[in-house]
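Here are my notes on the model, point by point. Please read them with the coordinates open.

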Amino acid sequence: MIILAMDALDINLVEKFNCESLKQDEYGQTDLSEFDQLRTVVLWASFLMGKNMEKEIPVEGQWKFTASFDETFLKFFETYEMIDVPSFSFKQEDHAEIRKLLKSYFENQAPVEEYDTVVWRNHEESKKDFFDALGKFDLVMGYFDLADAVGHLSFGVDKKMHRVYHELDELVKETKKSNDVILIISDHGMKAVGRYGDHRRNGFYSLNQRIGLDKPRITSFYFNIERIAKNECS
Ligand SMILES: [Zn+2]
């Protein structure tokens, strides 16, 4: 199985830019109504663990939270590779650098171009890790924060977001050369606040097989992934 975890991938933009590869046999919006806040680490931890982790993960120190293997759906797979997944194998230093550049931008000490350059560099590195891992493990989960990171400073800049969604669509197109089950999932969507972007509830999921989900909760995928893992292994 392959899971493409795409931070802030928004269903409205997938439709707007007509991303044909992102829209697989079954796709739609996720239900995030059980969460008070849309915090990235909380949502990914909740996805991995199949339960709402909002209360267990305080804001203070949230990026350092690590889910224990036994509590995640990883235990349903014999081998797995998790690339840059928040709350599990997050590339802490890369993301700390991004948060620092974001802060510098708002203090007028770093231009948006410098921030974007590092975001895209990190993306290319994770993309390489992801394609290197494909076909070598029962589960490969790759996390890509391009839509979130670029979106926070430029969600209102159509040309930039179009480039981001095109890149993510191409990434999926390449992934689809595999015959594996592919789940694409975002933690939340995004809305424009002037030129900037903020999290909103329009999360997205997409599967290359129809299982008839209807606005699924992000915590409900745990059970579907368990079923897929058991089918693949038997
Ligand atoms: Zn996020």
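1. Start with the largest cavity. Its lining consists of Asp 84, Asp 94, His 95, Asn 122, His 123, Ser 126, Tyr 143, Phe 144 and Asp 145. The elements giving two or more residues to that lining are α3, α4 and β4. Helix α4 has the largest share, with three residues. By class, the lining splits into two nonpolar, four polar and three charged residues. The volume is about 70 Å³. Bear in mind that this is a predicted model.

2. How many cavities of 30 Å³ or more does a search of the whole structure find? The search returns two. The second largest cavity holds about 30 Å³. Met 1, Leu 183, Leu 207, Ile 211, Phe 221, Asn 224, Ile 225 and Ile 228 line this second cavity. Helix α7 (residues 221–233) gives the most to this lining, namely four residues. Here the classes are seven nonpolar, one polar and no charged residues.

3. Now the open space. The largest pocket has a volume of about 360 Å³. Its lining counts 20 residues, and Trp 63, Arg 99, Leu 102, Asp 148 and His 152 lie nearest the centre. Helix α3 provides the largest share of the lining, five residues. At least two residues each come from α3, α5 and β7. The lining is made up of nine nonpolar, six polar and five charged residues.

4. Helix α5 deserves a look of its own. This helix spans residues 146–154, and it is largely enclosed by the rest of the structure because eight of its nine residues are buried. The buried set is Leu 146, Ala 147, Asp 148, Ala 149, Val 150, Gly 151, Leu 153 and Ser 154. What covers them? The cover includes α3 (92–106), α4 (112–133), β4 (139–144), α6 (158–175), β6 and β7 (196–200). Asp 148 is thus one of the buried residues of α5 and also one of those nearest the centre of the largest pocket.

5. Next, the metal site. Which residues coordinate the zinc ion? The donors are Asp 7 (OD), listed twice, Thr 40 (OG1), Asp 187 (OD) and His 188 (NE2), at 2.0 to 2.7 Å. Their spacing in sequence reads D-x32-T-x146-D-H. Thr 40 and Asp 187 link distant parts of the chain, being 147 residues apart. Thr 40 sits in helix α2 (residues 40–49), while Asp 187 sits in the loop between β5 (182–185) and β6 (189–193). Both Thr 40 and Asp 187 are buried.

6. The β6 and β7 hairpin is worth checking by eye. The two strands pair in the antiparallel sense over five bridges. One of the bridge partners is Asp 198 in β7, matched with Lys 191. Two residues lie between the strands, and Gly 194 takes a positive phi near 65° in this hairpin. Side chains alternate along β7. Gly 197 and His 199 point to one face and are buried. Tyr 196, Asp 198 and Arg 200 point to the other and are not.

7. Three loop residues follow, beginning with Ile 57. Ile 57 lies in the loop between α2 and β3 (80–83). Is Ile 57 buried or exposed? With a relative accessible area of 1%, Ile 57 is buried, because the cut-off for that class is under 20%. Its contacts, not counting residues up to four places away in sequence, are Arg 39, Val 41, Val 42, Ala 45, Gln 62 and Phe 65. Val 42 is 15 residues from Ile 57 in sequence and 6.6 Å away in space, C-alpha to C-alpha.

8. Val 85 belongs to the loop between β3 and α3. Val 85 counts as buried because its relative accessibility is 0%. Leaving aside neighbours within four places in sequence, Val 85 is in contact with Leu 48, Phe 90, Met 141 and Tyr 143. Val 85 and Ala 5 are 80 residues apart along the chain, yet their C-alpha atoms are separated by 8.0 Å. Tyr 143 is also among the residues lining the largest cavity.

9. Last, Ser 21, in the loop between α1 (11–16) and β2 (26–29). Ser 21 counts as buried at 10% relative accessibility. Leaving aside neighbours within four places in sequence, Ser 21 is in contact with Asp 169, Val 172, Lys 173, Lys 176 and Ile 184.

How values were computed
Residues numbered from 1 in each chain as written. Heavy atoms only, no water. Donors = N, O, S within 2.8 Å, 3.2 Å for Na, K, Ca; no water. Buried < 20%, exposed > 50% of the residue type's maximum accessible area, 1.4 Å probe, protein only. Contact = heavy atoms within 4.5 Å. 1 Å grid on protein atoms, 1.4 Å probe; cavity = no way out; pocket = protein on both sides within 12 Å on 5 of 7 lines; lining within 4 Å. Points joined across faces, edges and corners; volume = space filled by probe spheres on them. Nonpolar A, V, L, I, M, F, W, Y, C, P; charged D, E, K, R; others polar. Pairing = 2+ DSSP bridges.
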